[in-house]
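Student: I am new to this structure and would like a close look at a single part of it. Could you choose one helix, describe its surroundings with care, and then follow the chain onward from there?

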Amino acid sequence: MDDVTEALTASVAAACARYADPDANWNPRLWDALEEMGVTLLPVPEERGGAGGDLPAAVEALRVLGRHAAAVPVAETALLAGWLLAGCGADVPSGPLTAALADGPPDVLRRVPWAGHAAGLVILTPDEMLYAPRDAYDVEDGANLAGEPRDTVRLRDPGALRRHPAPAGAQEFRERGALARAALMAGAMERALELSVRYAREREQFGRPLAAFQAVQDHLAEMAGETLLATVAVQAAARRPAGLPVAAAKASAGAAAGTVARLAHQVHGALGCTDEHPLRHVTTRLWAWRDEFGGEAEWAESAADHALAAGGPGLWPLLTRDA
Amino acid sequence: MTAPSLAAAVPPPGLDGLRREVREFLAAEIGAGRIVPRSDNWLAGWDADFSRRLGERGWIGMAFPPEYGGSGAGFLARFAVTEELLAAGAPVAAHWIADRQSGPALLRYGTEEQRRAYLPGIARGEISFAIGMSEPDSGSDLASVRTRAVRAPGGWRVTGTKVWTSGAHLAQAMIALVRTGPPEPARHAGLSQLIVDLAAPGVEIRPIRLLTGEHHFNEVVLTDVFVPDDRVLGTLGDGWRQVTGELAFERSGPERILSTFPLLTAAVDRLAARGCPDRARLGAVVARLWALRRMSLAVAARLAEGAQPATEAALVKDLGTRFEGALIDTVRMLVRVEPDLLSSDPLARLLAESVLHAPGFTLRGGTNEILRGVVAKALTRES
């Protein structure tokens, strides 16, 4: 990580700690602080109102937000809505934004992240990009497993929305969304591991801390391995955010998320399953995020398609491209 | 908590060209029938002629400086070349240990005379080394070694037994971990590394055959073997620190991920031609391999900077070696073929080699149980 990114992630972490509100499903004070820092439009070009950062830096910021289970749509604003608007040459409005894919002319959109709290919604159809400010749609509240808003959106008058030619395709949209979720998961796994290690050191049974039991050590090591694997995969994919790298990062992070959440709960015992324990903030997110923007099956199939297209002799060159 | 941490590495420029060169060379070698791709061929494939051909091209000892016969291309260039060799299933056992472990140890701890005596020959692919660590009663608990060196005029007299010594029947020298002093104040004290000439009087080498009948491992019985003072490696009594310093190199390399990769190549070849019954299952393996390579590469980049990422290296080996085995089961679920060592179908043969060698993947170079203990200890250490 370069110095600038390191300073940025430290500021994001400080803001997350300062404005922590773990039970809220929308944290406007944290949002304001992040917007002030330029994090919410980090990879958007400066001439369009963004901070002109790159995807690797954005991924590092998302890891921190995932670690803190931050209830803010930075992934949606910075990596999707901001990217699409800037791609059309449009200025990017301030405030939280969200984005959704539509197969055809949109009318009802489902499971749109933070649609109710967003200042506006960007819709990508096969050939157009539409921008709907908040007063152009109605929202029916929905939620993912962590309680993060995943709303049903009804456009009041789709024909009246501002339209642009589509600046990108649906696949690219899903790849960016998948990369963002993988980065958030990497951060959430770090937190699950940290909580588990702390608990295993503090909790004593049979006169010894849990961490002294080899079976528990095994769980901790497994969690550490899966977390590190997902982290490195996401970082590497951010540098070449298309094709096999993104498929591999999302499939790996999703698989790792299941393992890490399961073992974190096993280490925590019954206490971790309660409403008052902070573990649930990250494990419920891991269970939700692994299936958003495509689960392991979808991205593994995509990885297989790349491998099958390369064939036997092309497999190794495919795996080693750019590294 | 000391959480393991890595950053995805950006490979230095120029390695793509090097990889292409190695690929062209390997394609020619395979095409001419000079080598046959096999699973786990870094352990099983001893081919001194092939090693010499690699040496001629400057692909052994790449991390050695030119004054010792190396190409000076550096650790990451070596990483790229070894990956290419492993991915192709090339027979690299003859120079593997010398290039990966003994050479770097000589470079780090050896005297000028020792370096000049061994490194150029290693880089030419002419000198092979063996590792004398495990003993009949010392497996995972390495510090309990009992092979003893006692003072003699001009050197040491060594007596004891080393086991699982790959290639000792073909190698010229073995770096042995032996007890040169009492285990005081701690049991890790009093250990030293000696360079044992395997042709010396008193050295007896007996095969320990693998369950396939193959001969790679040996029992090396040392009876009053004379080792001159100038064949002590590094500092007397510092053997434990020297040996554990090698471990990050030994544990994080591509051979902990790619031992069964030739089987995957053959399987993808078949599936691309005839259709894949379960793309999610195949893709899970491809995705994991892609990620594991990046993890191994990230450790390599840290090692190249001179850091000692021991915990991260242990994690690469734990995840990588389990992956090598899991790959076999995925292939078995996707391709209906009976494993057959004698088959003319490369897929059936590679499957057989992979299945029969798999038990060793998670044992050699530190069992996964020991590795996870190392990781857990780092995680739960007071900091």
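Tutor: What follows is one connected account, which begins at a helix and moves outward to its neighbours. This is a predicted model, in which local features need pLDDT of at least 70 and side-chain atom pairs count only at pLDDT 80 or more, while totals for chains, interfaces and linings use all residues. Residues are numbered from 1 along each chain as its sequence is written, and chains are lettered from A and ligands numbered from 1 in the order in which they are written.

The helix to look at is H4 of chain A, residues 74-87; helices (H or I, at least four residues) and strands (E, at least two) are DSSP runs, numbered from the N terminus. H4(A) is bent by about 30 degrees at A:Ala81, where the bend is the angle between axes fitted to the seven residues ending at a residue and the seven starting there. Of its 14 residues, 13 are buried, so H4(A) is largely enclosed by the rest of the structure. Here a residue counts as buried if 20 or more other C-beta atoms, placed from the backbone, lie within 10 Å of its own, as exposed if 12 or fewer do, and as partly exposed in between.

The stretches on either side of this helix deserve a look as well. In the loop between helix H3 (55-67) and H4 of chain A lies A:Ala69, which has a positive phi of about 50 degrees although it is not a glycine. A:Ala69 has 23 C-beta neighbours inside 10 Å and therefore counts as buried. Just after H4(A), A:Gly89 also takes a positive phi, of about 80 degrees.

Next comes the sheet beside the helix. Four strands of chain A form an open sheet in the order S1-S3-S4-S7, with mixed pairing, where two strands pair if DSSP finds at least two bridges between them. Its edges are S1 (97-101) and S7 (162-165) of chain A, each of which pairs on one side only. On average, neighbouring strands of this sheet are turned by 20 degrees against each other, direction ignored. S1(A) and S3(A), the latter covering residues 120-124, run parallel and are joined by five bridges, and within this pairing A:Thr98 has A:Leu121 in S3(A) as its bridge partner. H4(A) packs on this sheet, touching S1, S3 and S4 (128-133) of chain A, and its direction makes about 70 degrees with that of S1(A). Contact means that the C-beta atoms of two residues, placed from the backbone, lie within 7 Å; axes are lines fitted to C-alpha atoms, for helices over the stretch in contact, and angles run from 0 to 180 degrees between N-to-C directions.

Other strands of chain A pair around S6, residues 150-155. S6(A) pairs with S2(A), residues 108-113, in the antiparallel sense over four bridges, and A:Leu109 has A:Val153 as its bridge partner there. S5(A), residues 137-140, is likewise antiparallel to S6(A) and is joined to it by four bridges, with A:Asp138 opposite A:Arg154. A:Val153 belongs to the covered face of S6(A), together with A:Asp151 and A:Leu155, whereas A:Arg154 is on the uncovered face with A:Arg150 and A:Thr152.

Further along the chain, helices H5 (residues 170-202) and H8 (residues 279-289) of chain A pack at an angle of about 145 degrees, with their axes 9 Å apart. Their crossing is left-handed, a term used when the near helix is turned anticlockwise from the far one by less than a right angle, with right-handed meaning clockwise. Among the residues that meet are A:Leu184 and A:Met185 in H5(A), and A:Leu286 and A:Trp289 in H8(A). By class, this contact has ten nonpolar, one polar and three charged residues, where Ala, Val, Leu, Ile, Met, Phe, Trp, Tyr, Cys and Pro count as nonpolar, Asp, Glu, Lys and Arg as charged, and the others, Gly among them, as polar.

The account ends in the loop between H8 and helix H9 (296-320) of chain A, where A:Phe293 is found. A:Phe293 has a positive phi of about 55 degrees although it is not a glycine, and this residue is buried, with 24 other C-beta atoms within 10 Å.
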